[in-house]
Every structure is written in structure tokens, then in C-alpha cells.
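Colleague: Please take a close look at one helix in this model. I would like its faces, its neighbours and what follows it.

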Amino acid sequence: MINNKSQMNSKEFLKKYSAFILLVIMLIVNAIITPNFFALNTFSLMLTQICPVILTAMGMTMVISTGGIDISVGAVMALAAALSTRFVNFEGKASIIMLAVGLLAAIILSSASGLVSGFMVGKLKVQPMVVTLGLMIGVRGLALVATSSKTVYISQAQGELYKLLGNYKIAGLLPIQIIPIILSIALVYFILNKTVLGRRIQAVGDNVNSARLAGINVTAVIIFVYMASAFLASAAGIFSVAKIGNINPNDVGLLAELDAIAAVVIGGTKMSGGRGRVFGTVIGAFIMSIISMAVNTNNIPYEYAQIVKAIIIVVAVYIQSDRKK
């Protein structure tokens with residue numbers, strides 16, 4: 001009996017703190033093997049790289065909380081990036097208003113994919129994996145069409161203004177990406193933990209049939225989370241292309257869905273749905289980014305990063321699972 005209780009306590013401890021423990025281990029390892037890992041420039045670089053991961057992972061947290069999944073986020077990033085370059089690459093004087101209109105149009109059009117996936121999952125009851133797999137292929141195709149399957153560079157005066165979203169530093173120190181990072185975390189945390197909508201999202205993830213019997217509009221909830229996921233993925237695409245100054249529709253957002261899902265799972269949100277752990281997702285996103293940074297900085301082939309990430313995901317799912325003997 002004492003043995004069983006001890007095992008239960010150990011499992012609960014791992015469930016609660018495994019992400020934090022892994023983050024500490026990653027920090028210690030990188031302090032040893034990665035030169036200048038704790039330097040301010042390294043932290044600044046990490047924030048620019050982690051921005052798309054956190055944005056997509058915040059949306060993924062809401063989707064997975066309902067028991068769904070969205071593997072189209074990488075393609076949505078590519079579409080938003082492709083549309084935004086088309087909308088801002090025009091001759092003439094740079095204008096913040098015109099830039100904002102162009103970027104907003106790109107985000108709205110790209111977010112429409114979330115309406116499609118949410119409707120098909122919530123109303124038509126098609127499996128989320130099947131729906132978002134189809135959208136992943138189709139939306140990536142739209143990005144290729146929008147760029148004529150070529151690399152498009154951000155140019156003209158308006159384009160130079162656009163690039164500030166990727167390269168501007170607040171007070172000369174903090175990259176501008178810190179703003180969308182903080183806003184997305186705060187917004188998703190507020191929705192999931194402080195609103196009726198958040199309780200409904202959790203209820204749908206806990207038991208969709210019970211949620212319907214309780215009078216919750218399950219379809220509306222599911223449409224909302226998939227649209228939110230697409231919206232945040234669109235924003236991630238815009239910040240990604242602003243950083244590099246061009247968009248290759250085959251590369252932008254490639255495998256972004258894997259990092260997003262990994263961050264959510266590592267952070268403690270169950271794949272079966274239920275309570276979304278926002279700060280756990282943030283820790284998971286940092287772990288994913290630290291792994292990528294470590295292999296790049298130490299000239300290790302990126303394939304090894306993929307292997308490490310895959311192992312971490314499998315272990316995280318195992319730890320979070322509720323096994324019955």
C-alpha cells in the first residue's frame with residue numbers, strides 16, 4: 001500500500017514538474033556545451049526564434065484543450081507570409097497605416113482556414129487530424145500560388161517598414177518579438193482561466209457529450225479555437241518573414257506544427273483534452289527552441305534535434321497518460 005502510494009506520488013510529481021525539470025537540465029547542459037549561452041545577445045536571439053513557436057503553441061493549447069489537433073498551422077504561417085509580402089510590396093511612400101491594413105488583410109484571409117476546419121470538426125464531426133491534414137496540403141498550395149512558387153523578397157519603402165517587425169529592438173536591447181509573445185500568453189491565459197469561454201473549452205475537452213447536455217454550443221466553441229489557432233499562426237508567419245526579409249513558400253512554417261504540439265504536450269496539456277496549461281506550454285516552447293539553438297550553435301546536424309524532440313514528445317505523452325492497471 002505504501003509502495004503504491006509512493007508510486008502515485010512520484011507519477012503526480014513528474015506530471016506537475018517534468019517540463020520544468022527538463023528545462024533546467026537543458027539550461028545546465030547548454031551552459032556547459034554552448035559558448036556564451038547566458039549572454040544577452042543569445043537571449044535576444046532566442047526570443048526572436050521562439051516567437052513563432054509560442055504564437056502557434058498558444059493556439060494549439062486551446063485546440064488540444066478541446067480534444068482536437070491542428071496540423072495546418074505551418075501552412076497557415078506560409079500563406080500569411082506570402083499574402084503579406086504581396087500586400088506590402090508596392091512602390092510609394094512608406095505608411096504605417098497602409099502596412100497595418102496589408103498585414104491585417106493577410107491575417108484575416110489566412111485565418112479563414114480556421115473557420116473551415118472548425119466548422120468541419122464541430123458541425124460536420126470530421127476527425128480533426130483528417131481535416132487539418134487536408135488544409136495543411138491545400139493552404140500550402142495557396143501559398144505557392146500566391147508566390148508563383150518562387151522566393152519573394154520584401155522590398156520598397158513599405159517593405160523596409162515591414163522588416164522592423166523582425167529586427168527592431170526596444171531600447172536597443174529587447175527584440176520587438178517580446179510584445180507578441182507577452183500579449184499572446186496573457187490573452188490565452190485570460191481566456192482559458194478567467195472566462196466562461198475558457199470553462200466551456202475545458203468542458204468540451206473533458207467530455208463533449210456532457211458539454212452538449214449542459215447546453216454548451218460545442219460547435220461555436222470548436223470553431224473559435226480553430227480560428228484562434230489560425231489567427232495566431234498567421235501572426236507567427238508575419239513575424240517570421242519580417243525577420244528574414246523574404247518568403248520561400250516551401251520553407252516558412254515547415255514542421256511548425258510539430259514544435260507547437262510538442263510544446264503543448266511537454267507543458268502538461270493532455271492530448272485527450274481538458275485543462276490547458278498555458279505556462280507549461282511556454283516552458284515547452286523554450287525547451288524546443290533551446291534544442292534547436294543548441295544544435296545550430298554547436299554545428300550539430302539538425303537531424304539530431306529532430307530525434308531528441310521526438311523522444312521528448314513520446315516520454316511527455318507517457319508521463320501525462322492516465323494508465324489503469
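Modeller: The buried residues of α5 pack against three helices: α3 (73–88), α4 (96–122) and α10 (218–244). Keep in mind that this is a predicted model.

Start with the residues that are covered. In α5, the buried positions are P128, V131, T132, L135, V139, R140, A143 and A146. Viewed down the axis of α5, these buried residues fall within an arc of 155°, so they line one face of the helix. The other side of α5 carries V130, I137 and V145, which are exposed.

Next, the length. Helix α5 covers residues 128–146, which is 19 residues. At 1.5 Å a residue, the expected span is 27 Å. The end C-alpha atoms of α5 are 26 Å apart, so the span agrees with the expected value.

Now one neighbour in detail. V121 is placed in helix α4. Its relative accessibility is 12%, so V121 counts as buried, the cut-off being under 20%. Leaving aside neighbours within four places in sequence, V121 is in contact with V126, P128, V131, I222 and Y226. Two of these contacts, P128 and V131, are among the buried residues of α5. The C-alpha atoms of V121 and V131 are separated by 7.3 Å. Along the chain, V121 and V131 are ten residues apart.

Then the end of the helix. S148 follows α5, and its phi is positive, near 55°. S149 also has a positive phi, about 60°, although S149 is not a glycine. S149 sits in the loop between α5 and β1 (152–153).

A positive phi turns up in another loop too. L255 is a residue other than glycine, and its phi is near 65°. L255 lies between β4 (246–247) and α11 (256–266). Its relative accessible area is 37%, so L255 is partly exposed.

For a helix pair elsewhere, take α2 (residues 40–65) and α12 (residues 278–297). Their axes come within 9 Å and cross at roughly 135°. That angle makes α2 oblique to α12. The crossing of α2 and α12 is right-handed. On the α2 side, the residues that meet α12 include L45, I50, V53 and M58. On the α12 side, V282, F286, I290 and M293 are among those that meet α2.

Back to α5 to close. One face is lined by its buried residues, and V130, I137 and V145 are exposed on the other side. The buried residues pack against α3, α4 and α10.

Notes: Residues numbered from 1 in each chain as written. Predicted model: local features only at pLDDT ≥ 70, side-chain atom pairs only at ≥ 80, totals over all residues. Heavy atoms only, no water. Helix = DSSP H or I, 4+ residues; strand = E, 2+ residues; numbered from the N terminus. Expected span 1.5 Å × (residues − 1). Buried < 20%, exposed > 50% of the residue type's maximum accessible area, 1.4 Å probe, protein only. Arc of directions from axis to C-beta. Contact = heavy atoms within 4.5 Å. Axes fitted to C-alpha atoms, helices over the stretch in contact; angles between N-to-C directions. Parallel < 35°, antiparallel > 145°, perpendicular 65-115°, else oblique. Left-handed = near helix turned anticlockwise from the far one by under 90°.
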